[in-house]
Amino acid sequence: MSGEEAIARAFVEARRVGAALPTYPGARPTSLTTAYGVQDHAISLRGGAVAGWKVGRVPAPHSDTLGVPRLAGPIFADQIQNAGDDPVALPVIAGGFAAVEAEYLLRIGRSPRPGTQRISLEEVVELVDAVHVGFEIASSPYAGINADGPLVTISDFGNHNALLIGAPVADWSSRAFEDWQVATFVDGTCVGEASARTMLDGPFGAVAFLVESLAARGRTLEPGQWVSSGAVTGVHQVAVGARVEARFGTLRVSGTIEAAARQESMSETKHGERTG
């Protein structure tokens with residue numbers, strides 16, 4: 001087993017059983033190629049349909065060192081929930097890292113042309129068929145995932161754990177929503193306010209990055225997939241039991257932070273297959 005696969009297996013297993021990892025499970029990645037190599041192994045080991053991708057900002061000086069402004073991680077179909085009138089339970093790995101991010105969620109209507117390695121914002125708008133408000137729940141078994149830098153973040157699914165899809169944005173193609181004031185609340189206290197104009201080149205720029213990043217990995221965006229385009233008001237750490245709400249102009253989305261349910265470990269699953 002390669003070092004990349006061993007790290008991926010440790011993260012997938014810890015997430016499956018809802019257990020924290022006290023240390024990083026191996027040698028930390030030293031390049032984008034290695035970090036995304038771990039992620040690709042983890043996608044294969046976890047299984048399940050990839051229903052979208054999260055995009056996060058790479059802060060300076062890492063962005064200068066790595067030569068990229070953003071990072072990406074997969075969103076699996078069983079990690080997506082739809083918002084309702086009541087707050088939705090949002091899972092995190094207890095004892096690990098847990099944060100809430102108010103984000104615009106862009107749904108892909110058609111794939112980019114095969115082999116697309118560069119794409120303009122105008123071309124990106126043509127790929128999108130809906131924009132919604134929502135929450136991304138960033139959570140990892142490893143509490144130091146963000147403190148250790150973007151390569152470590154990439155290696156564990158980009159620090160993604162859940163997506164909450166809220167109301168659609170009307171007239172989204174006018175891009176007026178990028179001027180809306182967005183506010184995030186934790187237990188009733190406002191912890192951040194901003195508009196999408198503060199997000200590099202905005203939500204559509206996140207999709208452009210993703211098209212190019214996935215192409216370099218031999219992947220592509222597919223119709224129906226979601227792009228969680230980046231934290232508008234910041235990455236706000238939360239504890240189990242917290243109540244969270246985001247306000248996007250007049251649209252709102254809310255949830256409660258809960259410990260992720262334990263699933264069967266990979267060894268238990270294999271044992272069941274052998275004995276069942």
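A helix, as I use the word here, is a DSSP run of H or I with at least four residues, and helices are numbered from the N terminus. By that rule S63 sits in helix α3, which covers residues 62-66. The model is predicted.

Let me stay with S63 for a moment. Its relative accessibility is 18%, so S63 counts as buried, since the cut-off for buried is under 20%. Leaving aside residues up to four places away in sequence, S63 touches V58, V68 and P69.

Next, helix α6. This helix runs over residues 202-216. It has 15 residues and reaches 22 Å from its first C-alpha to its last, close to the 21 Å expected. Of those 15 residues, 12 are buried, so α6 is largely enclosed by the rest of the structure. Among the buried ones are G202, F204, F209 and S213. S213 has a relative accessibility of 11%, which is why it counts as buried. Just after α6 comes G218, with a positive phi of about 75°.

F204 brings us to the core. The largest nonpolar core has 74 residues, and F204 is one of those with the most contacts inside it, along with Y104, V131, F135, L221 and F248. A second, separate core has 5 residues, including I75, L105, I165 and W226. As background, nonpolar side chains in soluble globular proteins tend to be buried together.

Now the charged pairs. The count comes to 17 salt bridges, and I will go through three.

The first pair is R9 and E5, whose side chains meet at 3.7 Å, N to O. They are 4 residues apart in helix α1, so about one helical turn separates them. R9 is partly exposed at 28% relative accessibility, and E5 is partly exposed at 23%.

The second pair is R107 and D129, at 2.8 Å, N to O. This one links distant parts of the chain: R107 is in strand β5 and D129 in strand β6, 22 residues apart. R107 is partly exposed, at 29%, and D129 is partly exposed as well, at 38%.

The third pair is R197 and E178, at 3.6 Å, N to O. R197 lies in the loop between β9 and α6, and E178 in the loop between β7 and β8, so the bridge ties together parts 19 residues apart in sequence. R197 is partly exposed, with a relative accessible area of 47%, whereas E178 is buried, at 1%. Shared partners join R175, E178, D179 and R197 into one network of salt bridges. E178 and R175 are also among the residues that F204 touches.

Conventions
Residues are numbered from 1 along each chain as its sequence is written. This is a predicted model: local features need pLDDT of at least 70, side-chain atom pairs count only at pLDDT 80 or more; totals for chains, interfaces and linings use all residues. Side-chain values use heavy atoms; hydrogens and water are left out. Helices (H or I, at least four residues) and strands (E, at least two) are DSSP runs, numbered from the N terminus. Buried means under 20% relative accessible area, exposed over 50%, partly exposed in between (1.4 Å probe, protein chains only). The expected span of a helix is 1.5 Å times one less than its number of residues. A nonpolar core is a set of buried Ala, Val, Leu, Ile, Met, Phe, Trp, Tyr and Cys residues joined through side-chain atoms within 4.5 Å. Contact means heavy atoms within 4.5 Å. A salt bridge is a side-chain nitrogen of Lys or Arg within 4 Å of a carboxyl oxygen of Asp or Glu.
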